[in-house]
Amino acid sequence: MASSSLSSKPFLGSALSTERLSGLCSDLRNLSSPSLHFSVRRRPAKKLQVQAAGSTFGNYFRVTTYGESHGGGVGCVIDGVPPRRPLSEADLQADLDRRRPGQSRITTPRKETDTCKILSGVQGGLTTGTPIHVFVPNTDQRGGDYDEMSIAYRPSHADLTYDMKYGIRSVQGGGRSSARETIGRVAAGAVAKKILKDFSGTEVFAYVSQVHKVVLPEDSVDHYTLALDQIESNIVRCPDPKYAEKMIAAIDAVRVRGESIGGVVTCIVRNCPRGLGSPVFDKLEAELAKACMSLPATKGFEFGSGFAGTFLTGSEHNDEFYVDEQGRVRTRTNRSGGTQGGISNGEIINMRIAFKPTATIARKQNTVTMDKKETELIARGRHDPCVVPRAVPMVEAGVALVLMDQLMAQYAQCHLFPFNPDVQEPLNEVNSLPTMSLS
């Protein structure tokens, strides 16, 4: 019978013989013996692995940049690109040309064509949905310009902190701390901008609004009509011709003296889908700040009214709501900068990013060597007297990467099932933004 067969099989370890039980008791008594010795074999300690390289950005639209200033080349791998979207190298090259060195007398004289090559992820002019690999070779390296930097640290550069962190660094051109790393960001940002424009009519424009003490008045640029050709009409990328000339003169004045100056880049987003961004830690402006502040030489970030908003009262600062002729809830002013509660509201997003003066200057400076001896250094190499003209496409790229990542997150979470038509709208519904009062 089944019951008798089960009862005849003892549980594991339950049928100890008398001899074995007696031996076990004897072993336990020996534990109190003073002559007892244990031989413990040490196991090798497991190596702690921390994956925090810092070269990847985004969750759904994910970009990893690679390469160094004076290595074989730089580039990026873009993962999460929607499939079956038209894409060519020419789509990327336009923004890379805006970023490349040697484009005018007020930029670094390094000569690079920055010609990109798409090595994977595109077939027959269409994205395949698999990772897109973009490569740009370095062709004008001068590693010998950095011999002194292998011994002495350049003031306000990343030389010292890279040694503090890694115990080793790439001397030529600053390695990963060089702005040449941003080629990968700009290439990926061009992909994001193209998809955003095709999907929802979203446009990202950045321009130079300040160079040193030359400040473009806020009301001099109409953000509702601003176009790329206005920005690209001069070498400093300021859409106001009068102020552009003043900015160029300011850069020329320090360039001939071996000095450098900083400035501010303003960036706007038109036709941004509503609902992008998440509460608490992943607010849209927080993600935008991270993308922009991770760019080289950045020292400040303002969103909407920024620090000027601290001079207003609540009644002066609040953006009052109204219903427009299309039946949409809008704001009469836009001091919030296009978001509320960290979520986009469909108004123009605007931000300003401050860039410090270029750290490498052709002037003698006090520093220390790797063996902690004080010395003097005149840094060599080819560098921008002011970084903001070439930072414009970098800022646009960073902003576009955030928007693309947040758009995919919003679609996945909140538009997977039918949305609430009483308070929501399709993500790809292009907004019509009439001019509003900014006062």
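Gly 67 has Val 74 of strand 3 as its bridge partner. The pairing belongs to a predicted model. Strand 2 covers residues 62-67 and strand 3 covers residues 73-79. Six bridges join these two strands, and they run antiparallel.

**The sheet**
- Five strands make up an open sheet with antiparallel pairing.
- The strand order is 1-2-3-7-4.
- Strand 1 (56-57) and strand 4 (117-120) stand at the edges.
- Each of these edge strands has a single partner strand, so one side of each lacks a neighbour in the sheet.

**Helix 10**
- Helix 10 runs over residues 388-414, which makes 27 residues.
- From first C-alpha to last, helix 10 reaches 37 Å.
- That span is close to the 39 Å expected at 1.5 Å a residue.
- Most of helix 10 is covered, with 22 of its 27 residues buried.
- An α-helix has 3.6 residues a turn, so residues three or four places apart point the same way.

**The whole protein**
- The protein holds ten helices and 18 strands.
- It has 439 residues, and 45% of them count as buried.
- Among contacts with a separation of 6 or more, 72% come from residues 24 or more positions apart.
- About 23,700 Å² of the protein is exposed.
- Carbon and sulfur atoms supply 55% of that exposed area.

Notes: Residues numbered from 1 in each chain as written. Predicted model: local features only at pLDDT ≥ 70, side-chain atom pairs only at ≥ 80, totals over all residues. Heavy atoms only, no water. Helix = DSSP H or I, 4+ residues; strand = E, 2+ residues; numbered from the N terminus. Expected span 1.5 Å × (residues − 1). Buried < 20%, exposed > 50% of the residue type's maximum accessible area, 1.4 Å probe, protein only. Pairing = 2+ DSSP bridges. Contact = heavy atoms within 4.5 Å. Areas by Shrake-Rupley, 256 points an atom, 1.4 Å probe, with all protein chains shown as cover.
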